[in-house]
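Visitor: I have the sequence and the coordinates open side by side. Could you walk me through the main features?

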Amino acid sequence: MSRVYNFSAGPAVLPEEVLREAAEEMTDYKGTGMSVMEMSHRSKPFQEILETAEADIRELMGIPDNYKVLFLQGGASTQFAMIPMNLMKNGVADYIVTGQFAKKACKEAQKYGKIHVVASSEDKTFSYIPDCSDLPISEDADYVYICENNTIYGTKFKELPNTKGKPLVADVSSCFLSEPVDVEKYGLIYGGVQKNVGPAGMAIVIIREDLIREDVLAGTPTMLTYKIHADAGSLYNTPPAYSIYMCGKVFRWLKRQGGLAAMKEHNEKKAKILYDYLDESKMFRSTVDPKDRSVMNVTFVTGDESLDAKFVKEAKEAGLESLKGHRSVGGMRASIYNAMPVAGVEALVAFMRKFEEENL
């Protein structure tokens with residue numbers, strides 16, 4: 001069977017070139033006679049994989065020397081607890097709630113300190129990003145938290161909030177490495193890798209060194225302490241070795257594509273094709289305020305649930321996979337991450353035009 005166009009929100013499409021490279025090395029990585037899946041994480045070949053992966057992501061993102069890069073187990077959701085456990089000195093944090101994952105992170109943080117929701121878009125089903133230029137930031141806030149791109153609802157912060165000098169913590173899972181980033185604007189930036197970077201099971205945390213502390217909240221498990229992992233170079237315990245290996249391959253693929261500036265151009269081109277069609281369509285409509293639209297996750301509906309279901313079913317039969325919207329909102333969602341080719345989006349729009357003609 002030929003490969004489908006996979007619009008899944010995560011685990012998501014990976015570059016075919018990367019998958020083929022990994023397949024070739026599956027039973028014998030560079031003459032070692034074994035797979036990376038079998039390899040000791042203390043071995044010289046794996047040490048080189050880890051060091052190269054870190055060097056490549058540092059180069060891609062322009063990560064300053066005073067930030068640590070951590071490859072951690074558990075995906076993004078583990079960070080919902082790790083962040084307050086490690087960053088709370090005053091026991092206070094401000095959260096901007098623009099979707100389900102920010103809401104979950106906020107709820108988790110409430111177990112560890114006093115949390116203020118300083119802005120939210122829940123009043124309109126998270127269909128926009130609130131104005132964050134002059135928020136009531138708490139004087140004693142240890143950090144301000146955002147989810148920068150909202151996978152479920154298809155919104156994206158185009159401007160970062162004014163945190164009034166407090167460290168900004170951002171979950172960038174679904175826009176990770178999709179565009180250039182000024183890392184110095186963040187105290188901590190993290191993402192689960194399964195949306196835009198690699199296989200599920202790992203988060204990458206980029207944290208400014210002054211936020212890595214020994215005096216974490218009482219009761220914080222050793223495995224949930226940033227300093228433990230930073231001091232051990234992400235090798236305190238057996239790391240998610242194969243995920244690191246695959247992410248490293250994606251980093252090198254991104255460099256071959258021309259880096260993050262080239263990816264931004266590529267991604268905006270794809271998104272424009274789809275949004276332009278949605279704006280002209282008589283059947284389909286975007287569910288998001290145009291100024292806040294995500295380039296990575298495009299959400300849309302027909303307004304008729306039975307028609308939505310018919311569309312998803314027939315799209316799958318046409319080789320357009322995983323277009324059903326998140327179970328909490330319904331409708332459709334096309335996740336068009338870095339590895340999705342322009343041809344995939346063009347095929348989707350062509351199918352949508354045909355479906356509209358046949359069902360309007």
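Guide: Certainly; please note that this is a predicted model. A convenient starting point is Asn150, which lies in strand 6, residues 149-150.

Visitor: Is Asn150 buried or exposed?

Guide: Asn150 is buried, because its relative accessible area is 3% and buried means under 20%.

Visitor: What does the side chain of Asn150 join in a polar contact?

Guide: The side chains of Asn150 and Thr98 are joined by a polar contact of 3.2 Å.

Visitor: Which residues does Asn150 touch, leaving aside those up to four places away in sequence?

Guide: With that exclusion, Asn150 touches Thr98, Gly99, Ile129, Thr155 and Asn297. Asn297 belongs to strand 12, which covers residues 297-301.

Visitor: How many residues of strand 12 are buried?

Guide: In strand 12, 5 of its 5 residues are buried. One side carries Asn297, Thr299 and Val301, the other carries Val298 and Phe300, and both faces are covered.

Visitor: What does strand 12 pair with?

Guide: Strand 12 pairs in the antiparallel sense with strand 11, residues 285-286, over 2 bridges; there, Phe300 is the bridge partner of Ser286. Strand 12 also runs antiparallel to strand 14, residues 332-335, and 4 bridges join the two. Within that pairing, Ser335 in strand 14 stands opposite Asn297.

Visitor: Changing topic: in what order do the 7 strands of the open sheet run?

Guide: The order is 2-10-9-8-5-3-4, with mixed pairing. Strand 2 (67-73) and strand 4 (114-120) each have a single partner strand, so they stand at the edges and one side of each lacks a neighbour in the sheet. On average, neighbouring strands of this sheet are turned by 20° against each other, direction ignored.

Visitor: And what packs on the sheet?

Guide: Helix 2, residues 44-61, packs on the sheet and touches strand 2, strand 9 (188-192) and strand 10 (202-208). The direction of helix 2 makes about 125° with that of strand 2. Helix 4, residues 100-109, lies across strand 3 (92-97), strand 4 and strand 5, and runs at about 160° to strand 3.

Visitor: How is strand 5 paired?

Guide: Strand 5, residues 144-147, pairs in the parallel sense with strand 8, residues 168-171, over 4 bridges. Ile146 stands opposite Ala170 in strand 8, and Tyr145 has Val169 as its bridge partner there. Strand 5 also pairs with strand 3 in the parallel sense, over 2 bridges, where Val144 is the bridge partner of Asp94.

Visitor: Which residues sit on each face of strand 5?

Guide: Val144 and Ile146 are on one side and Tyr145 and Cys147 on the other; these residues are all buried, and both faces are covered.

Visitor: Now the nonpolar core. Which residues of the largest one touch the most other members?

Guide: Met61, Ile204, Ile206 and Phe251 do so, in a core of 58 residues. Helix 6, residues 241-257, supplies the largest share of this core, 10 residues.

Visitor: What does Ile206 touch?

Guide: Not counting residues up to four places away in sequence, Ile206 touches Met61, Ile63, Tyr67, Lys68, Val69, Phe176, Val183, Gly187, Leu188 and Ile189. There is also a second, separate core of 29 residues, which includes Ile83, Ala93, Ile152 and Leu188.

Visitor: Why would such residues cluster?

Guide: In general, nonpolar side chains tend to be buried together in soluble globular proteins.

How values were computed. Residues are numbered from 1 along each chain as its sequence is written. This is a predicted model: local features need pLDDT of at least 70, side-chain atom pairs count only at pLDDT 80 or more; totals for chains, interfaces and linings use all residues. Side-chain values use heavy atoms; hydrogens and water are left out. Buried means under 20% relative accessible area, exposed over 50%, partly exposed in between (1.4 Å probe, protein chains only). Two strands pair if DSSP finds at least two bridges between them. Axes are lines fitted to C-alpha atoms, for helices over the stretch in contact, and angles run from 0 to 180 degrees between N-to-C directions. Contact means heavy atoms within 4.5 Å. A nonpolar core is a set of buried Ala, Val, Leu, Ile, Met, Phe, Trp, Tyr and Cys residues joined through side-chain atoms within 4.5 Å. A polar contact is a pair of N or O atoms within 3.5 Å; within protein, one must be able to donate a hydrogen and the other to accept it, and residues adjacent in sequence count only if both atoms are side-chain atoms.
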